[in-house]
Amino acid sequence: MTLSAIKKVGALVSGLVLSGIASSAFAIQPWNMPEGVTEVSHIIYDLHSLIFWICVAIAVGVFAVMFYSIFAHRKSKGHKAAQFHESTLVEVIWTTIPFVILIFIAIPATKALIKIDDVGNADMTLKITGYQWKWQYDYLEDGISYYSNLKTPRAQIYGQEEKGENYLLEVDNEVVLPINKKIRFLITASDVIHAWWVPELAVKQDAIPGFVNEAWTRIDKPGVYRGQCAELCGRDHGFMPIVVRAVEQEEYDKWMAKKKQVAQAEAASVDQQWNKDDLMTKGEEIYNKTCASCHQASGEGLAGMFPAIKGSEVAKGDAHEHLNVVINGRSGTSMAAFGPQLNDVQLASVVTYQRNAWGNDTGDIIQPNTIKALR
Ligand SMILES: [Cu+2]
């Protein structure tokens, strides 16, 4: 290697090191876990830091002795290897020290686990259900229930548009929770195993069909906290984010009152006669949110996986069979029963939409009270 080449490599390496140092003050944060905004998240963060520094101290101690021994007793200085077998003293020391360190770690870790498990005395309960590929939230005391779907436009996902700031971490309906209240979560799933994970709340709990897992949180600070499904759950596993908006109690009460109002208005509208345009508008919205991930916005489906609705014999044929498929699903396939998931207005509008969009011009109008009668 020529001198100039060596100089170039040297400059490159020192440049990298220097730029690393310069940016490290800002870069440390994303390398660490978030400190979070709940009582438990602080406990976990402190535990993590404690154990991290214990590991650093052990590493420094062990490597210091090792490097010193290698350097100070090297062969070129005339050192010879000591030939001894078994030393009870050394063995006792190297068993006792790690044992004491483990006990020292186990005490705070057990305390943290007990705290995480303590779901008693909650102020409110939120039931969370995972679906392929969305979340349902039930505010049990208030009787409010809704679904939360990915909001990122498909064009961003397919690279036709620039990706937004909260790409794949934004939803249509956020979970709204009051701060400084103990909130109990009941977590389950309706199809496959999902996991509800919000790092800043330090909640990560499997959602398993047929089981109800518990978790809890008490959020200190208002804000928007984002998370994701953390259990590989099929094709759109990466497309079922979680957004929690933590607000003051007063704002929460207002939000809840509004939700109840909307739910009442919807319940009342079931017995109205709806016109086709309103059903089509609402139907398109529901379709794009709920059905398009499989049947595609174009209605053309995906060959071999999800049948086309455009031109489908079901969508153009007998309306009762169509309703039957949508309400009861097709068992053994990924076509879920949407009867429990959607209300009468949503079902009527999405079926009306499928029967009239993309050239399926059946002219059929399904009224919400037809669905009500079918249930
Ligand atoms: Cu999932």
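In the predicted model, L168 has 17 C-beta neighbours inside 10 Å and therefore counts as partly exposed. This leucine lies in the loop between helix 4 (154-157) and strand 4 (175-178), and its phi is near 65°, a positive value in a residue other than glycine. A positive phi is also found at E86, where the angle is near 55° and the residue is again not a glycine. E86 belongs to the loop that runs between helix 2 (39-72) and helix 3 (88-117), and because E86 has 6 C-beta neighbours inside 10 Å, this residue counts as exposed.

A further backbone feature occurs in the loop between strand 1 (124-131) and strand 2 (134-139), which is where W133 is found. The peptide bond that joins Q132 to W133 is cis, with omega at about 0°.

Helix 9 comprises 13 residues and reaches 18 Å from its first C-alpha to its last, which is close to the 18 Å expected at 1.5 Å a residue. Of these 13 residues, 12 are buried, so helix 9 is largely enclosed by the rest of the structure. The buried positions are D344, V345, Q346, L347, A348, S349, V350, V351, T352, Y353, Q354 and R355. The buried residues of helix 9 pack against helix 5 (249-269), helix 6 (276-295), helix 7 (313-316), helix 8 and helix 10 (368-374). Helix 9 is followed by W358, whose phi is positive, near 50°.

The packing of helix 9 against helix 8 can be described in further detail. The axes of helix 8 (residues 319-328) and helix 9 (residues 344-356) come within 11 Å and cross at roughly 130°. Because angles from 115 to 145 degrees fall outside the parallel, perpendicular and antiparallel ranges, helix 8 is oblique to helix 9. The crossing of the two helices is right-handed. On the side of helix 8, the contact is made by H322, L323, V326 and I327, whereas helix 9 contributes L347, V351 and R355. By character, the residues of this contact divide into 5 nonpolar, 1 polar and 1 charged. An α-helix has 3.6 residues a turn, so residues three or four places apart point the same way.

Conventions
Residues are numbered from 1 along each chain as its sequence is written. This is a predicted model: local features need pLDDT of at least 70, side-chain atom pairs count only at pLDDT 80 or more; totals for chains, interfaces and linings use all residues. Axes are lines fitted to C-alpha atoms, for helices over the stretch in contact, and angles run from 0 to 180 degrees between N-to-C directions. Helices (H or I, at least four residues) and strands (E, at least two) are DSSP runs, numbered from the N terminus. Angles under 35 degrees count as roughly parallel, over 145 as roughly antiparallel, 65 to 115 as roughly perpendicular and the rest as oblique. A crossing is left-handed if the near helix is turned anticlockwise from the far one by less than a right angle, and right-handed if clockwise. Two residues are in contact if their C-beta atoms, placed from the backbone, lie within 7 Å. Ala, Val, Leu, Ile, Met, Phe, Trp, Tyr, Cys and Pro count as nonpolar, Asp, Glu, Lys and Arg as charged, and the others, Gly among them, as polar. The expected span of a helix is 1.5 Å times one less than its number of residues. A residue is buried if 20 or more other C-beta atoms lie within 10 Å of its own, exposed if 12 or fewer, and partly exposed in between; C-beta atoms are placed from the backbone.
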